[in-house]
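Got the viewer open? Let's take a short walk through this one, a stop at a time.

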2 protein chains.
Amino acid sequence: MGKPPTTLRDIARSLGTSIGTVHRALHDNPGVSAGTRAKVLETAKALGYRPNLAARYLSSKKTLRISVNTLQGTTSFWDEVRAGVREEAGSILLENVEMEFRTCPRLGEGEEAALEAAVREQVDGIIIFPSRPQSLRAAMRRAARAHIPLVCVATDAPNSGRLGIVAVDTLVSGSIAADLMGRFLGPRQGEIAITVFDMAITEHAEKYSAFESTLRSFYPNLRPLQPIEDHDDEQEAYEKCRKLFDEHPDLAGIYVTTEASMPVLKAAHDATLLDRLTIITTDLFPDLVPYIRSGGVVATMYQRPRAQGQMALRMLYEFLVEGGQRSNEVTLAPHLVMRGNLDFFLRRQSKESVSQSIREKSRELAEDFA
Amino acid sequence: MGKPPTTLRDIARSLGTSIGTVHRALHDNPGVSAGTRAKVLETAKALGYRPNLAARYLSSKKTLRISVNTLQGTTSFWDEVRAGVREEAGSILLENVEMEFRTCPRLGEGEEAALEAAVREQVDGIIIFPSRPQSLRAAMRRAARAHIPLVCVATDAPNSGRLGIVAVDTLVSGSIAADLMGRFLGPRQGEIAITVFDMAITEHAEKYSAFESTLRSFYPNLRPLQPIEDHDDEQEAYEKCRKLFDEHPDLAGIYVTTEASMPVLKAAHDATLLDRLTIITTDLFPDLVPYIRSGGVVATMYQRPRAQGQMALRMLYEFLVEGGQRSNEVTLAPHLVMRGNLDFFLRRQSKESVSQSIREKSRELAEDFA
DNA sequence: ACAAGTTCCGTTAACGTTTACGGTTCGGGC
DNA sequence: GCCCGAACCGTAAACGTTAACGGAACTTGT
């Protein structure tokens with residue numbers, strides 16, 4: 001079965017050379033000729049060499065610095081993401097990660113500067129929310145060229161050289177929202193609206209596309225309208241919704257894919273449509289709770305920010321420490337929250353933060369002694 | 001900031017003793033007097049000693065043996081659970097776990113023998129599906145007394161001394177099923193049935209309770225019937241359903257909480273009720289797919305077997321290696337699968353198995369050389 | 001031709017823990 | 001008196017990797 005793994009010494013012995021040379025060859029360090037380097041690489045592969053991470057960490061004791069560049073945010077979404085990152089970092093058994101949080105106050109404000117600061121300070125990896133992917137692309141490319149792996153959360157940045165992406169599965173989200181809308185409304189005719197952040201963002205275009213196509217395939221009685229872009233601007237969202245409500249008197253439902261559900265709800269309320277519309281929202285935060293409880297919001301798609309943070313850190317850490325290419329596109333299925341299970345979700349959230357604080361306490365007390 | 005962590009040597013120095021003594025004291029090894037042991041423990045706590053896991057593993061090189069006692073199963077559920085366990089084990093960076101799979105052919109058949117075999121062979125930890133908790137309790141207690149930590153998957157075994165439990169959140173599942181049932185059926189009157197495995201199992205009683213109470217609170221037009229117990233027996237499920245359909249002509253919907261949805265569907269088909277009933281099932285497996293696609297099953301609650309396997313192994317490993325008490329009750333929220341997002345879920349499943357095989361390939365090639 | 005520098009490579013001391021072995025001291029038994 | 005075992009404790013060699021140092025051989029400049 002388990003024959004002992006090959007070590008640096010094995011490689012050295014088999015080549016009649018020394019550990020130091022093998023080490024230098026495997027790490028592209030200077031001080032080794034091209035010929036021997038090639039031979040080392042070859043026999044390393046032949047012997048199936050895999051570095052012993054415990055020994056590596058024990059010897060070098062260098063810690064990985066990871067910058068987490070996210071948003072302050074108006075809801076608790078980003079707090080949860082950061083909590084997930086922290087939690088996952090706390091459960092790494094070799095405690096060789098240091099976290100640096102760089103938080104932008106508002107959408108897109110200073111995110112490029114924050115990224116450049118992280119790159120300048122030579123962090124080992126970056127978790128980033130690219131709120132404006134196209135304007136951040138250049139800076140992300142620079143990071144990639146500096147060999148700093150970069151994982152996107154929540155929103156992808158195509159062609160940016162990023163290592164990976166963690167986000168909610170937009171196709172599942174959009175499609176399930178459409179399915180629910182169709183089933184909730186039953187056979188009756190009507191128009192369905194959808195609000196997105198900006199159709200230029202892949203995720204939002206995909207959500208719309210999945211929503212629209214599912215609706216079209218299975219619920220021909222419901223006609224999807226063109227998406228409304230709110231750009232996360234409360235004023236803009238409110239006004240566009242009022243206009244929408246005026247222009248489409250037979251609107252039956254609306255699917256809010258962004259965090260900005262409050263202005264939509266306010267608009268619906270002001271147009272006295274709150275109880276006539278079937279509203280499906282996104283995410284879960286305190287302001288939304290009463291609407292779900294009262295039925296004004298029939299369902300919300302919880303995007304599991306904590307899980308997103310956890311997965312992002314995990315992906316980055318595994319890359320940094322194992323070097324291998326894991327599956328670098330993680331898409332999470334959303335959780336469905338309705339009034340019946342709302343309390344359970346709120347309980348889960350609070351339990352999680354409690355168990356986390358307990359855990360940190362016990363860390364301080366530090367009673368291992370296994 | 002980061003002052004260097006305290007080591008065994010630090011403790012020894014501060015007590016004027018030696019590393020060996022400190023080590024023996026911390027591990028309750030013989031050869032150290034009660035007095036010095038107490039002093040060692042005291043100053044270890046005072047200095048905030050935490051063992052360096054990398055050094056520990058490097059030095060001892062002992063691997064943890066973990067037994068996974070599950071079911072063959074009729075659906076792919078348990079295959080997925082095992083895949084999740086394997087996947088998580090593969091991503092442990094210190095590669096110090098060995099897995100032993102003990103799989104029972106049928107429900108409850110030989111599960112006690114399998115557990116005792118694992119205990120006899122002195123494994124370091126066990127992941128188990130206690131299909132009959134009460135008849136397994138004694139054996140589980142023995143395992144606990146032998147200091148073998150034990151994590152339950154899918155079903156809990158109360159008062160068994162188990163370390164932890166990973167399962168789907170039954171309250172969320174039951175409640176969301178009721179909410180969907182209520183919304184799908186709209187204002188019309190009717191009776192709602194629910195099938196469970198056995199009301200003596202906590203999980204199933206909880207699912208029923210959540211289902212029933214949500215239905216009662218929000219949808220008074222729907223009357224929940226007494227639960228049908230199928231004991232995972234296809235014949236029993238079929239016959240009880242036929243009887244149910246005969247006796248309740250105004251049945252509007254049925255929520256199947258067990259894996260045995262096929263006999264229910266067959267019964268509904270044979271009673272020509274398939275298109276008049278609103279059916280919500282549990283889990284996702286090939287035989288179910290055509291029913292979801294055709295709308296015969298309106299929604300299914302996917303219990304995320306792979307995630308359950310992952311979490312179970314993670315919980316056990318963290319306990320074994322860190323010794324600390326983490327949150328030992330993990331409940332996962334189910335994923336909702338409907339015809340619109342069915343393909344995405346099937347795609348996700350296949351992608352996961354693909355990415356896993358890719359990963360194993362790349363492991364073999366073993367090109368670390370970071 | 002000799003010093004100085006370069007390039008390549010071997011050696012060795014860490015890192016913190018485990019484990020086996022050797023050494024004290026003490027108390028009894030002959 | 002001496003020997004023996006038990007109980008306690010110190011020492012040192014591993015584990016596999018990293019990083020620093022030193023040395024040999026070979027090129028260059030004068």
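Select strand β4 of chain A, residues 150-153. This is a predicted model, and in it both faces of that strand are covered. Show the side chains: A:Leu150 and A:Cys152 sit on one side, A:Val151 and A:Val153 on the other, and all of them are buried. In general, side chains in a regular strand alternate between the two faces of the sheet.

Now for the neighbours. Add strand β3 of chain A, residues 125-128, which pairs with β4(A) in the parallel sense over 3 bridges. Which residue of β4(A) does A:Ile126 stand opposite? Click across and you land on A:Leu150. To see how the chain gets from β3(A) to β4(A), colour helix α7 of chain A, residues 133-145: the path runs through this helix, and the β-α-β crossover is right-handed.

Next, bring in strand β5 of chain A, residues 164-168. β5(A) and β4(A) also make a parallel pair, with 3 bridges. Here the residues to pick are A:Val153 and, opposite in β5(A), A:Val166.

Time to hop over to chain B. Select helix α10, residues 234-247, and helix α11, residues 261-270. Their axes are 8 Å apart and the helices pack at an angle of about 35 degrees, with α10(B) passing α11(B) in a right-handed crossing. For the contact itself, show B:Glu234, B:Ala237, B:Tyr238, B:Cys241, B:Arg242 and B:Phe245 from α10(B), then B:Pro263, B:Val264, B:Lys266 and B:Ala267 from α11(B). Colour this contact by class and you get 7 nonpolar residues, 3 charged and no polar ones.

Technical notes:
Residues numbered from 1 in each chain as written. Chains lettered and ligands numbered in written order. Predicted model: local features only at pLDDT ≥ 70, side-chain atom pairs only at ≥ 80, totals over all residues. Buried ≥ 20, exposed ≤ 12 C-beta atoms within 10 Å, placed from the backbone. Helix = DSSP H or I, 4+ residues; strand = E, 2+ residues; numbered from the N terminus. Pairing = 2+ DSSP bridges. Right-handed = clockwise from strand over helix to strand, strands pointing away. Axes fitted to C-alpha atoms, helices over the stretch in contact; angles between N-to-C directions. Left-handed = near helix turned anticlockwise from the far one by under 90°. Contact = placed C-beta atoms within 7 Å. Nonpolar A, V, L, I, M, F, W, Y, C, P; charged D, E, K, R; others polar.
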